[in-house]
Amino acid sequence: MNVHVGSAGVQEHGCLALMNIAAEAHTGNRINVATAGGIDSVVAALNAHAGSAAVQKHGCWALFVVSLADENKVKVATAGGIEAIVAALRAHVGSAEVQKNGCMALYTISCAEANLARLAAAGAADSVANLAADPILSPLVAKLRSRTKGRRPTDVATSE
C-alpha cells in the first residue's frame, strides 16, 4: 500500500486485505496489523482516495475491525482515523456501505474515553445524523451523540 499510494485499486484491495487479517477471531491479528503500520496505511488510503467509494467503504470497515481491539482505539484516533472517517461519511452520503461502515467505526472508536473530544471536534455525531432513522444504526448514532455531547474541540489537546 505504501508503494502504490496513487492507485485506488491497490489501496482498495490493501484495505480489504488488512480488514480480513484483522477480522480473524483473535485480537492478536488486530494488534499485529496496528504494529505493522496498517492503521497509518488505511488512513493514508482514505485521505489519498477520498473520491473512491470502494476505498472509503473498505477503509472504514478496516478501521472498525482493527479498533475492536481496545489497544487500537486511540491509535486509530491519533493516526487521523476519525477525521478520515468523518470525511468519508460526508463525501459519500449516497453510499449505504460507506455510511454503515463509517458509523460502526466511529461508534467503536468512541468506546475509548480519550477519543471523545477528538470525535466532537471532527463533528462525528453530525456526520452520522442522517442515519438516526436506520433501525440498526440508530442506537449507535444515539450513543455516539451522547458520548460526544458537551465535548469541546479545545479538549483535544488535553485528551491525548
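These exercises treat the cysteines, the salt bridges and one helix of a predicted model. Local features need pLDDT of at least 70 and side-chain atom pairs pLDDT 80 or more, while totals for chains, interfaces and linings use all residues. Residues are numbered from 1 along each chain as its sequence is written, and side-chain values use heavy atoms, with hydrogens and water left out.

**Exercise 1.** Find how many disulfides the structure has, and account for cysteine 60 and cysteine 103.

Solution.
1. A disulfide is a pair of cysteine sulfur atoms within 2.5 Å.
2. For cysteine 60, the closest cysteine sulfur belongs to cysteine 15, at 9.1 Å, which is too far for a bond.
3. For cysteine 103, the closest cysteine sulfur is that of cysteine 60, at 11 Å, again too far for a bond.
4. The search of the whole structure finds zero disulfides.
5. Buried means under 20% relative accessible area, exposed over 50%, and partly exposed in between (1.4 Å probe, protein chains only). Cysteine 60, at 0%, is buried, and so is cysteine 103, at 1%.

**Exercise 2.** List the salt bridges and state where the partners of each lie.

Solution.
1. A salt bridge needs a side-chain nitrogen of Lys or Arg within 4 Å of a carboxyl oxygen of Asp or Glu. The structure holds three.
2. Glutamate 97 and lysine 57 are paired at 3.3 Å, N to O. Glutamate 97 is in helix α7 and lysine 57 in helix α4, so the bridge ties together parts 40 residues apart in sequence. Helices here are DSSP runs (H or I, at least four residues), numbered from the N terminus.
3. Arginine 118 and glutamate 83 have their closest N and O atoms 3.6 Å apart. This pair links α8, which holds arginine 118, to α6, which holds glutamate 83, 35 residues apart. Arginine 118 is buried at 14%; glutamate 83 is partly exposed at 35%.
4. Aspartate 70 and lysine 73 are paired at 3.1 Å, N to O. Both lie in α5, three residues apart, about one turn of the helix. Aspartate 70 is exposed at 59%, whereas lysine 73 is buried at 5%.

**Exercise 3.** Determine which residues of helix α5 are buried and how they are arranged.

Solution.
1. In α5 (residues 70-78), the buried residues are Asn72, Lys73, Val76 and Ala77.
2. Their arc around the axis, taken from the directions to the C-beta atoms, is only 140 degrees, which puts them on the same side of α5.
3. Contact means heavy atoms within 4.5 Å. Threonine 108, in helix α7, has Lys73 among its contacts beyond four places in sequence, and threonine 108 is buried at 6%.
4. After α5 comes glycine 80, with a positive phi near 90 degrees.

Conventions:
Helix = DSSP H or I, 4+ residues; strand = E, 2+ residues; numbered from the N terminus.
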